[in-house]
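Here are my notes for your first read of this model. Please keep the structure open and follow the points in turn.

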Amino acid sequence: MPGRSSRGTVCRALLLVLGAAGCGGGGSVEPTVPTTAALNVATVSLTAVGQTAQLSATITDQHGNAIDSPALTWSSSNGVVATVSQSGLVTATGSGSAVITVSAGSASAEAGVTVTQTPAQIQKVSGDAQTAAPGQAVALPLTVQVNDAGGGPIPNVALTFTATGGTLTTTAASTGADGRASTGFTPLGTGSQ
């Protein structure tokens with residue numbers, strides 16, 4: 001009966017091997033699927049060209065668990081107003097509105113961006129220190145530029161010019177696309193402006 005005993009041992013060993021294979025990692029692992037996305041803010045307000053704001057995203061899977069280091073894609077609906085880097089850094093490029101979108105797989109979230117350039121400085125551009133005879137207009141217009149805090153020119157700003165010792169061609173003007181506005185000047189007295 002020694003043959004029978006060794007056959008039984010082989011059968012038991014084979015069953016142990018098959019049992020271990022059936023209990024082990026033979027099944028498939030469910031893939032992590034990005035299901036929802038959220039941004040740290042819903043709106044961003046910027047007041048100067050070049051100003052930035054950092055956005056961050058949280059992506060969760062089908063079980064509601066946060067996904068570590070998900071592959072994100074960032075985009076802006078209007079690059080003339082705001083751009084966004086692939087790390088979520090928003091940069092103002094001009095006045096207006098834009099929507100920043102982050103996506104991971106089919107999950108996405110949005111934040112509205114508003115850029116409203118705020119005047120921070122009026123800079124003399126040209127026309128200063130001219131001379132002219134009384135009653136004669138100076139040769140070059142008096143030109144100023146309105147800038148935001150980042151030094152970006154601001155269009156469509158209403159300005160009021162005032163003068164002493166002479167008259168102005170116009171006392172009210174709006175800045176152009178370059179942030180500049182001008183007026184002429186005619187001295188009444190010594191002719192220096």
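**Notes on the predicted model**

1. Start with a charged pair. K124 forms a salt bridge with D128, and their closest N and O atoms lie 2.9 Å apart. Bear in mind that this is a predicted model. Side chains of opposite charge can pair when their charged atoms come close. How many salt bridges does a search of the whole structure find? The search finds one.

2. Is K124 buried or exposed? K124 has a relative accessible area of 61%. The cut-off for exposed is over 50%, so K124 counts as exposed.

3. Now look at the largest pocket. Its volume is about 330 Å³. The lining has 18 residues, and those closest to the pocket centre are K124, L142, V144, F161 and T162. So K124 appears twice in these notes: K124 is in the salt bridge with D128, and K124 is among the residues closest to the pocket centre.4. Which strands supply at least two residues each to that lining? They are β10 (121–126), β11 (142–147) and β12 (158–160). The largest share comes from β10, with four residues. By residue kind, the lining of the largest pocket divides into eight nonpolar, eight polar and two charged.

5. Two of those strands also belong to a sheet. Three strands form this open sheet, in the order β10-β11-β15, and the pairing is antiparallel. Why is one side of β10 left without a neighbour in the sheet? β10 stands at an edge and has a single partner strand, so one side has no neighbour there. The same holds for β15 (180–183) at the other edge. From one strand to the next, the twist averages 30°.

6. Look closer at one pairing in this sheet. β10 and β11 are joined in the antiparallel sense over five bridges. Which residue in β11 is the bridge partner of Q123? The partner is Q145.

7. Next, find G135. This residue sits in the loop between β10 and β11. G135 is exposed, because its relative accessible area is 53% and the cut-off for exposed is over 50%. Now pick out F185 as well. G135 and F185 are 50 residues apart in sequence. In space, their C-alpha atoms are 9.6 Å apart.

8. There is another open sheet to trace. Three strands form it in the order β3-β7-β6, with antiparallel pairing. The edge strands are β3 (52–54) and β6 (82–84), and each pairs on one side only. Neighbouring strands of this sheet are turned by 20° against each other on average, direction ignored.

9. Stay with this sheet for one pairing. How many bridges join β6 and β7 (residues 89–92)? Three bridges join them, in the antiparallel sense. T83 has T91 in β7 as its bridge partner.

10. Finish with strand β2 (residues 43–46). In a regular strand the side chains alternate between the two faces of the sheet. β2 shows such an alternation. V44 and L46 point to one face and are buried. T43 and S45 point to the other face and are not buried.

11. What does β2 pair with? Four bridges join β2 to strand β9 (residues 107–115), and the two run parallel. Which residue in β9 stands opposite L46? That residue is V115. On the β2 side, L46 is one of the buried side chains.

Conventions. Residues numbered from 1 in each chain as written. Predicted model: local features only at pLDDT ≥ 70, side-chain atom pairs only at ≥ 80, totals over all residues. Heavy atoms only, no water. Buried < 20%, exposed > 50% of the residue type's maximum accessible area, 1.4 Å probe, protein only. Pairing = 2+ DSSP bridges. Axes fitted to C-alpha atoms, helices over the stretch in contact; angles between N-to-C directions. Salt bridge = Lys/Arg side-chain N within 4 Å of Asp/Glu carboxyl O. 1 Å grid on protein atoms, 1.4 Å probe; cavity = no way out; pocket = protein on both sides within 12 Å on 5 of 7 lines; lining within 4 Å. Points joined across faces, edges and corners; volume = space filled by probe spheres on them. Nonpolar A, V, L, I, M, F, W, Y, C, P; charged D, E, K, R; others polar.
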